[in-house]
Amino acid sequence: MNIRVAQRQDMASIQALYQVLFQQMAQYEPEYQQAASQDIGFLEAVIAQKDSFMAYIAEVEGDVKGVIILQKQQTLPYNCLVPKNSCFILDVVVSADMRGQGLGHALIQQAKQWAQAQGVHYLELSVLAKNERAMALYVKEGFTSYSTLMRLPLAPL
């Protein structure tokens, strides 16, 4: 396995990973999520490292099998919040055939190294409540719950 910075030639592989992710999200929450393709403009900004983005891929035998996308952020100007730099993990995606083989761990370790080099105080991420496998990985990596997003449907969708 090789972890490296994502490059333009990785776009098609990253796009394919996102299709798997979005399909999985749609299965977990069909009322709120749908199968889709990731926006190419977004991926181009990430790969160009615009807006404090960073992306790493995991390669196995020359094939892209995982991706992690990060965004460096600052605390919102809200008086009760302690100002800090953070890094939000937008997505961690590992191909279905490689899950449970350490790619997610390796990508998160790379994210931690990058974030520390950026002077970041903490990492954050959001995960669907039904994605128990991903949650187990994040807990194993040391993440703890900070906030819970709750939803109340008011009308049939």
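Read along the sequence, the protein chain runs β-α-α-β-β-β-α-β-α. That makes 4 helices and 5 strands. The model is a predicted one.

Start with the strands. The 5 of them build an open sheet. Their order across the sheet is β1-β2-β3-β4-β5, and the pairing is mixed. Two strands stand at the edges: β1, residues 2-5, and β5, residues 122-125. Each has a single partner strand, so one side of each is left without a neighbour in the sheet. From one strand to the next, the twist averages 30°.

Now look inside the sheet. Strand β2 covers residues 53-60, and strand β3 covers residues 63-74. The two pair in the antiparallel sense, over 8 bridges. One bridge to pick out joins V60 to its partner D63, in β3.

Next, place a helix on this sheet. Helix α1 spans residues 11-28. It lies across β2, β3 and β4, the last of these being residues 85-94. Relative to β3, helix α1 runs at about 80°.

After α1 comes a loop that leads to α2, residues 40-47, and Q38 has its place in this loop. Is Q38 buried or exposed? Its relative accessibility is 14%. The cut-off for buried is under 20%, so Q38 counts as buried. Which residues does Q38 touch, leaving aside its neighbours within four places in sequence? The contacts are Q15, Y18, F22 and L43. Q15, Y18 and F22 carry numbers that fall within α1, residues 11-28. L43 falls within α2, residues 40-47. For a longer view, take Q38 and P153. They are 115 residues apart along the chain, and their C-alpha atoms are separated by 26 Å.

Finally, step back to the whole chain. For 157 residues, a compact globule would have a radius of gyration near 15 Å. The protein chain has 16 Å, which agrees. Its C-alpha atoms fill a box of roughly 45 × 40 × 30 Å along the principal axes.

How much of the chain is buried? Of the 157 residues, 39% count as such. The accessible surface comes to about 9,900 Å². Carbon and sulfur atoms hold 51% of that surface.

Contacts complete the picture. Take those in the protein chain with a separation of 6 or more. Residues 24 or more positions apart account for 62% of them.

Conventions: Residues numbered from 1 in each chain as written. Predicted model: local features only at pLDDT ≥ 70, side-chain atom pairs only at ≥ 80, totals over all residues. Heavy atoms only, no water. Pairing = 2+ DSSP bridges. Axes fitted to C-alpha atoms, helices over the stretch in contact; angles between N-to-C directions. Contact = heavy atoms within 4.5 Å. Rg over C-alpha atoms; globule rule 2.2 N^0.38 Å. Buried < 20%, exposed > 50% of the residue type's maximum accessible area, 1.4 Å probe, protein only. Areas by Shrake-Rupley, 256 points an atom, 1.4 Å probe, with all protein chains shown as cover.
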